[in-house]
Amino acid sequence: MTAHFKVSAGRTACYPVTREHVEERLGRRAPWFRQGQRRGDDQHFAVCPYCDNAIQLKGVYRRHETSPRPYGSHVGTPIEGFEFDQIDLEHCPFRLSRKSHGKSDRREMGPVARQLIELAVSEFARIVLILRDDFSFRFSDAFAERMLDQWFDSCGFCYTGAHLRNLPWMIAYFGPAQPLFGQAIGANAELADRVREKVPQASVSESGRLERGSAWFAIDLQCLHHRMEVEADTGELHESMKLRVQDFTASNDATVAPTIYQKQIIFAPDRFERLIHTPKERARRDAGLLERAQTIAAKWQL
Ligand SMILES: [Zn+2]
C-alpha cells in the first residue's frame with residue numbers, strides 16, 4: 001500500500017492519500033472514478049508516484065478493516081486510462097519489499113528508467129542543491145559532474161532500488177569515491193574538525209578549503225549502504241544511505257582505511273518535488289550545472 005498518489009504519470013505532483021486530496025484532485029470523473037452498482041462499490045483510481053502504474057485508492061470513504069487510513073493499492077493489470085509497465089510494477093518498492101538491493105542489481109530499461117534520465121539531466125541543478133545540503137558543504141561543480149557521469153556509466157537508472165522518488169540520492173549513491181582535496185568542506189564543521197584531528201598533515205584553510213598540509217594525504221568521500229523500508233502502519237517508504245569519509249593515506253584498502261566521518265542521509269522526496277514544481281518565475285537554476293549535465297548525457301547518447 002502506498003500513502004501517496006499522483007493524478008497522472010510523468011512529472012506531476014504527488015499528494016497524500018486523503019479524502020480531501022482525492023476529492024479535490026481526482027473528483028468523480030473517468031478514468032479516476034468508476035461508479036459501482038451500489039454506493040459502497042464506487043472505485044477511485046490514481047497513479048503510484050514510485051512506478052507510474054495504476055493504483056486503486058482504498059478506505060477513502062469507508063475505513064478498511066486492515067488499515068486505519070486510506071491507501072493506494074496497485075491494480076497489477078492494465079486498466080483503461082492509465083499507463084502500465086510490468087517491469088516497473090515489479091520493481092516498485094511497494095511490490096518488491098526488499099530492505100536492501102545489491103549495488104550491481106539491474107532491471108531492464110523501461111518508462112521509469114527513461115524518466116529518471118530525463119529528470120537527471122533537466123533537474124541536475126536542483127539535484128546538486130539537495131545533495132550539497134545533505135552533505136553540509138558546497139562540493140564543486142566538477143565533483144557533482146563526476147557523480148552524474150558515474151551514474152550513467154553504472155546504469156544507475158536501471159538499479160533495482162531506483163524509483164521515481166529517490167533520484168537525487170541515487171546519483172550520489174552511484175557516484176565514485178572522490179578525493180576531498182580542494183573541496184570547501186569548512187561549512188560542515190564536524191567534518192572539518194575530524195579532518196584536523198585525525199589527519200594532522202592535512203590543512204583546512206580559513207575559507208574552509210581542504211588544502212595541502214605538512215605531508216601528502218588522501219581523504220575520500222563515498223556514499224554507501226542504501227536501505228529502504230516501508231512502515232507497515234502508515235505505508236510511508238523510508239530510505240537512507242551513509243555518507244562516509246575515509247583516510248586512505250596509509251592504505252588504499254577501504255576495509256582498512258580509518259573512517260574519519262560518517263553521516264546517515266535520510267531521503268526527503270518532498271523536498272526535491274517542491275523544488276521541481278517551483279513556478280518558473282520564482283525558480284533560479286544554475287545554468288552552468290545544467291550545461292554540464294547536458295554534455296554528459298550527450299556523451300552517453302541514451
Ligand atoms: Zn508503484
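**A tour starting at helix H4**

Start by selecting residues 124–135, which form helix H4, and then add residues 287–300, which form helix H9. This is a predicted model, and in it the two helices pack at an angle of about 115°, with their axes 8 Å apart. Why those two values? Two packed helices are described by the angle between their axes and the distance between the axes.

How are H4 and H9 placed relative to each other? Angles of 65 to 115 degrees count as roughly perpendicular, so that is the label for H4 and H9. Their crossing is right-handed.

Now show the side chains where this pair touches. On H4, pick Phe124, Ala125 and Val128; on H9, pick Leu289, Leu290 and Ala293. Try colouring them by class: the contact of H4 with H9 has 6 nonpolar residues, with no polar and no charged ones.

Keep H4 on screen and hide H9. Next, select residues 269–276, and you've got helix H8. H4 packs against H8 too, at an angle of about 140° and with the axes 10 Å apart. The crossing of H4 and H8 is right-handed.

Which residues make this contact? From H4, click on Arg126, Leu129 and Ile130; from H8, click on Arg271, Phe272, Leu275 and Ile276. Colour this set by class as well: the contact of H4 with H8 has 5 nonpolar residues, no polar ones and 2 charged ones.

Time to zoom out and show everything. How many helices and strands does the protein have? You should find 9 helices and 12 strands. Turn the model around a bit: along its principal axes, the C-alpha trace spans about 80 × 40 × 35 Å.

Next, colour by domain. The domain assignment gives domain 1 as 4–84 and domain 2 as 111–300. Put a marker at the C-alpha centre of each domain, and the two markers will sit 34 Å apart. Where the domains touch, 9 residues come from domain 1 and 9 residues from domain 2. On the domain 1 side of that contact, look for 6 nonpolar, 1 polar and 2 charged residues.

For a last stop, colour the whole chain by burial. Of the 302 residues in the protein, 35% are buried. You can also draw lines between contacting residues that are at least 6 apart in sequence: 62% of these contacts join residues at least 24 apart.

How values were computed. Residues are numbered from 1 along each chain as its sequence is written. This is a predicted model: local features need pLDDT of at least 70, side-chain atom pairs count only at pLDDT 80 or more; totals for chains, interfaces and linings use all residues. Axes are lines fitted to C-alpha atoms, for helices over the stretch in contact, and angles run from 0 to 180 degrees between N-to-C directions. Helices (H or I, at least four residues) and strands (E, at least two) are DSSP runs, numbered from the N terminus. Angles under 35 degrees count as roughly parallel, over 145 as roughly antiparallel, 65 to 115 as roughly perpendicular and the rest as oblique. A crossing is left-handed if the near helix is turned anticlockwise from the far one by less than a right angle, and right-handed if clockwise. Two residues are in contact if their C-beta atoms, placed from the backbone, lie within 7 Å. Ala, Val, Leu, Ile, Met, Phe, Trp, Tyr, Cys and Pro count as nonpolar, Asp, Glu, Lys and Arg as charged, and the others, Gly among them, as polar. A residue is buried if 20 or more other C-beta atoms lie within 10 Å of its own, exposed if 12 or fewer, and partly exposed in between; C-beta atoms are placed from the backbone. Domain bounds come from an automatic or database domain assignment.
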